[in-house]
Amino acid sequence: MTLEDLKMKLCDFGNPQIVKEGVVFSVLLTGKGLSKSTTVMKLQDLILDYAKEKFPLIEAMRNDDEFFCLILKPKL
């Protein structure tokens, strides 16, 4: 999966505001219903499927009904 593929798949859940790969991998998604546990698990699986090789560690995660934020970092 490419980064563009990931962005397109995230559009199924909401509006990707930030999907950036650098020192860390950051995702910020806005939308509705993003606090549902099934949605959170699907988003985590989707993002980790793309980034788990390079960024296997979750640095921070925060979600609300209207946003989902996940920051991954590489192993040191």
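How many aromatic pairs does the structure hold? The structure, a predicted model, holds two aromatic pairs. The views below begin with these rings and then move on to the sheet and the helices.

**View 1. Phe25 and Tyr50 form a tilted aromatic pair.** The ring centres of Phe25 and Tyr50 lie 5.6 Å apart, with 40 degrees between the planes. Now look at where the two partners come from along the chain. Phe25 belongs to strand 2 (residues 25–30), while Tyr50 belongs to helix 2 (residues 37–51). The two are 25 residues apart, and their pair links distant parts of the chain.

**View 2. Phe25 also pairs with Phe55.** Is Phe25 buried or exposed? Phe25 counts as buried because its relative accessibility is 0%, below the 20% limit for that word. The rings of Phe25 and Phe55 have their centres 5.9 Å apart. Their planes meet at 35 degrees, so this pair is tilted; a tilted pair falls between the stacked limit of 30 degrees and the edge-to-face limit of 60. Phe55 sits in the loop between helix 2 and strand 3 (57–63), 30 residues from Phe25 in strand 2, so this pair too links distant parts of the chain. Phe55 is buried, just as Phe25 is. Taken together, the ring pairs join Phe25, Tyr50 and Phe55 into a cluster.

**View 3. Gln44 is a buried residue of helix 2.** Which residues does Gln44 touch, leaving aside those up to four places away in sequence? They are Ile58, Met61 and Phe68. Gln44 has a relative accessible area of 15%, and under 20% counts as buried.

**View 4. Four strands make an open, antiparallel sheet.** Follow the strands across the sheet and you meet them in the order 1-2-4-3. Strand 1 (15–21) and strand 3 are the edge strands, each pairing on one side only. On average, neighbouring strands of this sheet are turned by 5 degrees against each other, direction ignored. In general, the strands of a sheet pair through backbone hydrogen bonds. Here, six bridges join strand 1 and strand 2 in the antiparallel sense. Try finding Pro16, which stands opposite Leu29 in strand 2.

**View 5. Helix 1 (residues 3–10) packs on the sheet.** Helix 1 touches strand 1 and strand 2, and its direction makes about 155 degrees with that of strand 1.

**View 6. Helix 2 lies across strand 1, strand 2, strand 3 and strand 4 (67–73).** Helix 2 runs at about 30 degrees to strand 4.

How values were computed
Residues numbered from 1 in each chain as written. Predicted model: local features only at pLDDT ≥ 70, side-chain atom pairs only at ≥ 80, totals over all residues. Heavy atoms only, no water. Phe/Tyr/Trp six-rings, centres within 6.5 Å; stacked < 30°, edge-to-face > 60°. Buried < 20%, exposed > 50% of the residue type's maximum accessible area, 1.4 Å probe, protein only. Contact = heavy atoms within 4.5 Å. Pairing = 2+ DSSP bridges. Axes fitted to C-alpha atoms, helices over the stretch in contact; angles between N-to-C directions.
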